[in-house]
Amino acid sequence: MATKVAATTIGPENWRNNTLKNIKLAQTVVHKSDKSNDVGRALDPLPHIRDVVASLSNEEVRRYTRDVRVVVAKLRESLLDTNEEIKCMTRGKESLEKALEHIRKDIKLNEQSQQIRTTRPNREKDHDGADDLLNAER
């Protein structure tokens with residue numbers, strides 16, 4: 001034997017009936033809207049064309065983005081190469097500056113040595129090999 005179970009309700013009966021009526025109304029509105037959209041698509045090809053154009057536009061955006069990423073990667077690689085070249089050039093510049101500093105010291109020492117040799121006593125002022133070496137260093 002089957003016994004009938006009473007339905008449990010929450011809230012007043014009036015509220016329940018209004019809620020069910022609102023739900024059915026919303027379902028009807030959605031159903032009518034769907035039908036209207038279907039009829040519109042059948043009569044007007046523009047929504048279909050819009051979908052196609054949107055799809056094509058998305059493909060174009062993806063292709064463009066992919067190309068931009070390739071360019072960015074090449075630019076980053078170029079930047080790294082340029083930085084390495086700058087480091088190499090900086091090291092070369094520093095070594096040239098150091099060599100130039102040594103040459104300047106040597107020239108100054110040579111000038112000082114020649115100046116000192118001009119102040120030597122008369123008996124030592126005869127031209128000798130040291131004078132030739134100093135002049136050759138110039």
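Tyr64, Val68 and Val72 make a nonpolar patch on the surface. The patch covers about 260 Å². This is a predicted model, so the patch is a feature of predicted coordinates. Tyr64 sits in helix 2, which spans residues 46-118. How exposed is Tyr64, as a relative accessible area? The value is 56%. Tyr64 therefore counts as exposed, because the cut-off for that class is over 50%. A residue also needs over 30% relative accessible area to join a patch, and Tyr64 clears that bar because its value is 56%.

Step back to the whole chain. Its secondary structure comes to three helices and zero strands. Read along the sequence, the pattern is α-α-α. Helix 1 covers residues 13-43. Helix 2 runs over residues 46-118. Helix 3 takes residues 129-137.

How much of the protein chain is buried? Of its 138 residues, buried ones make up 4%. The accessible surface of the chain comes to about 12,900 Å². Carbon and sulfur atoms hold 59% of that surface.

Confidence comes next. The mean pLDDT of the chain is 84. A pLDDT of 70 or more is reached by 81% of the residues. Which element has the highest mean pLDDT, and which the lowest? Helix 2 has the highest, at 90. Helix 3 has the lowest, at 70. The Tyr64 discussed above belongs to helix 2.

Now the charged side chains. The structure holds seven salt bridges. One of them lies in helix 1, where the side chains of Arg16 and Glu13 meet. The N to O distance is 3.9 Å. A salt bridge requires a distance within 4 Å, so this pair qualifies. Arg16 and Glu13 are three residues apart, about one turn of the helix. Arg16 is partly exposed, with a relative accessible area of 36%. Glu13 is partly exposed as well, at 49%. The cut-off for exposed is over 50%, so Glu13 stays in the partly exposed class.

Helix 2 supplies another pair, Glu59 and Arg62. Their closest N and O atoms are 2.7 Å apart. The spacing along the sequence is three residues, about one turn of the helix. Glu59 counts as partly exposed, at 43% relative accessibility. Arg62 also counts as partly exposed, at 45%.

Further along helix 2, Lys105 and Glu101 are four residues apart, about one turn of the helix. Their side chains meet in a salt bridge, at 3.7 Å from N to O. Glu101 is partly exposed, with a relative accessible area of 43%. Elsewhere, salt bridges that share partners join Glu60, Arg63 and Asp67 into one network.

Put the pieces together. The chain is three helices with zero strands, and 4% of its residues are buried. Helix 2 carries Tyr64 of the nonpolar patch, the Glu59 and Arg62 pair, and the Lys105 and Glu101 pair. Helix 1 holds Arg16 and Glu13.

Notes. Residues numbered from 1 in each chain as written. Predicted model: local features only at pLDDT ≥ 70, side-chain atom pairs only at ≥ 80, totals over all residues. Heavy atoms only, no water. Patch = residues over 30% accessible without salt bridge, like charges linked within 9 Å, V, L, I, M, F, W, Y side chains within 5 Å. Areas by Shrake-Rupley, 256 points an atom, 1.4 Å probe, with all protein chains shown as cover. Helix = DSSP H or I, 4+ residues; strand = E, 2+ residues; numbered from the N terminus. Buried < 20%, exposed > 50% of the residue type's maximum accessible area, 1.4 Å probe, protein only. pLDDT = per-residue confidence, 0-100.
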